[in-house]
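Let us put a few questions to the structure below. Cores, contacts and surface come up in turn.

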Amino acid sequence: MRRYGKHTDEDDIRTRPHRKGNRPRTHIRPKHEDAAGGLVLTVDRGRLTCLVEDRVVMAMKARELGRKAAVVGDRVALVGDLSGKKDTLARIVRIEERTSVLRRTADDDDPYERVVVANADQLAVVTALADPEPRPRLIDRCLVAAFDGGLTPLLVMTKSDLAPPDELLELYGALDIPYVVTNREGLENGAAAELVREHLDGKITAFVGHSGVGKTTLVNTLVPEDRRRVTGHVNAVTGRGRHTTTSALALPLSSERGGWVVDTPGVRSFGLAHIDPSRVINAFPDLVPGTEGCPRACSHDEPDCALDAWVEEGHADPARLYSLRRLLSTRERREGD
C-alpha cells in the first residue's frame, strides 16, 4: 500500500485518459478578431442566410453563444467558409450590439418575448382601410412596440379605393406619425411604391401588418426583383387574410441612397407583456417634462399623475395626452375589442 506525503512524486500518480483528450477546460473564449462582418437576411430552422460583403453566405450559430439567438437585421461576425458556394457553411461567433429591437409576445400574459427584427430604423405599420376592416387596437400595439424598441413608426394605409382614410387619420393625427395612403391603381402603376419609397431610402424599415392587408403585395412592388411569395386573399366569412409570408426576410432597395425592407409574417395578435411604460413616454417629448411631478412608478394613467395638471396649464395639447394613454391602455385590452 502506497502512502502519499507532502513530497509526492507526481510522476507516480496515474491519470485516467479522457476520450476527447486531456486539454484543461477554460472559460476564455477566442476573440475571433479576424472574423468577417455580415448582416442576417433571414433565419430558417437554425440556418441563417447572411450577407458578407457582396456574397450570400449560409451560416449556423456557434455553440459558444449559448441561448443568444441572431435575428433578421442583426450585425454578426462570421468565421469559416465565407465563399458562399453551394453546400458550404460558416459559423456566427459574435452578435454585435443592437441599436433597436422590435419585440412582441404571443399575448399579454406570455413572459417569453420574441425579437422580430433588430437594428431597424423604422416600423411601417400596414393597415387596409377595408377588406379587412382596420383594427386600431392592433395598430396601437404596433406603435407601442415601435416606441418601446426605438423605431420610428410609419403608417401605411392600403385599399383607399374601397374606403376613405379620414377616420384613421383623425384618430392618429395627434401622434404626428408620417403616413402614406395607397390604392390598387397605385400598386399596379408603381405610384404607390414611389410614395412609400420616399420614406424608406437610406433606412432599414420593418413592415408589419394584419394578414390580408396587402403588406407583401406592397413589398413586392418595392423590390420586384426579389418577389418570393404569392399573395393571399381575405376570407369572405371571417374577414381574415391567409398568411403568405412565413419568415422575416431583409430585401435591399434599389435606390441611390440604398436602404432595406424587412418583410415579416402577418400578425393576428401583438402581445405587449415586455413593454415598460416608462420607455413609451419618451416618444412624447412634449409630455416628458410634465412627468417630473409624477409619483414613483406612475403609469401615467392614474389620479395622481402630474400630466393632467401639466396639460391643463397649457404646456401640451390635451389630444397628445389622450393618445399616450390610449396607447398605454391597449396592453389591457384584447386586439379584437
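A visitor asks and a guide answers.

Visitor: What kind of model is this, and how are residues numbered?
Guide: This is a predicted model: local features need pLDDT of at least 70, side-chain atom pairs count only at pLDDT 80 or more, and totals for chains, interfaces and linings use all residues. Side-chain values use heavy atoms, without hydrogens and water, and each chain's residues are numbered along its sequence from 1.

Visitor: Which helix gives the largest share of the largest nonpolar core?
Guide: A nonpolar core joins buried Ala, Val, Leu, Ile, Met, Phe, Trp, Tyr and Cys residues through side-chain atoms within 4.5 Å. The largest has 53 residues, and Leu123, Leu143 and Leu324 touch the most other members. Its largest share, 8 residues, comes from helix α1 (residues 136–149). Helices here are DSSP runs (H or I, at least four residues). The name is helix α1.

Visitor: Is Asp148 buried or exposed?
Guide: Asp148 is found in helix α1. Contact means heavy atoms within 4.5 Å; beyond four places in sequence, Asp148 touches Arg103, His274, Ile275, Asp276 and Arg279. Buried means under 20% relative accessible area, exposed over 50%, partly exposed in between (1.4 Å probe, protein chains only). At 8%, Asp148 is buried.

Visitor: Where is Leu89, and what is its relative accessible area?
Guide: Leu89 sits in the loop between β4 (75–80) and β5 (90–95); strands are DSSP runs (E, at least two). Leu89 is partly exposed, and its relative accessible area is 34%.
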